[in-house]
Amino acid sequence: MTRSVGRISRAAGRGGSLALAYSSGDRAALDRAGLNYDELRALGDPVAIGIRIVEAAFDAKADSTIADAEERGIVAEVVAWILEQPSDRTPTPEEVVRKTIETTIAETALTEIASTLYQQGASYAERQSVEQQIREVAAEYAAQANLTATGATEQEMSTAIETGIRDIGIIFGVAP
């Protein structure tokens, strides 16, 4: 489970920063990442904009592995969340970090727990209930994560994510 926490944290942090830069019109920050604000605006489609931001967030091209697809999906979810915020309510960097922690814990835990639920023959309603519970617990872990006042470090994010995934696995009966 922890195979890619550092990579997800870095990419999600970068994707979050780029989405914030786009939302606030910070051309210089976008330029440094190889993105052009006017080109992004011309796309007009939030999905296309999000895809470009997610691509720029990773240091390497997609490698077609399941782990890479999961990581990109998590980063895409965080970027989409930022882009969906009202223009007068741009999330703070801390909110982006906490959303990244929450999303990473939830998506990773859901991936790990889904097979157990399937093997146990859980009904659709039971699976939906467990998913909602996992998302709520992940949000609470993210809200309670200890972060440095000057900005979250990769280690703080990794620790929060690893702890959340491990604890959710224990709560839902999946060995860490």
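**Exercise 1. Work out how helix 5 and helix 6 cross: which hand does the crossing have, and at what angle do the axes cross?**

Step 1. The crossing of helix 5 with helix 6 is right-handed (the near helix is turned clockwise from the far one by less than a right angle; anticlockwise would be left-handed). Helices here are DSSP runs of H or I with at least four residues, numbered from the N terminus.

Step 2. This is a predicted model, where local features need pLDDT of at least 70, side-chain atom pairs count only at pLDDT 80 or more, and totals for chains, interfaces and linings use all residues. Residues are numbered from 1 along each chain as its sequence is written, and side-chain values use heavy atoms, leaving out hydrogens and water.

Step 3. The two axes, lines fitted to C-alpha atoms over the stretch in contact, with angles from 0 to 180 degrees between N-to-C directions, come within 10 Å and cross at roughly 140°.

Step 4. That makes helix 5 oblique to helix 6 (under 35 degrees is roughly parallel, over 145 roughly antiparallel, 65 to 115 roughly perpendicular, the rest oblique).

**Exercise 2. Find the aromatic pair: how far apart are the ring centres of Tyr 22 and Tyr 37, and are these residues buried or exposed?**

Step 1. There is 1 aromatic pair (centres of Phe, Tyr or six-membered Trp rings within 6.5 Å; planes under 30 degrees apart are stacked, over 60 edge-to-face, the rest tilted).

Step 2. The ring centres of Tyr 22 and Tyr 37 lie 5.5 Å apart with planes at 40°, so the pair is tilted.

Step 3. Both Tyr 22 and Tyr 37 are buried (under 20% relative accessible area with a 1.4 Å probe, protein chains only; exposed is over 50%, partly exposed in between).

Methods: Helix = DSSP H or I, 4+ residues; strand = E, 2+ residues; numbered from the N terminus.
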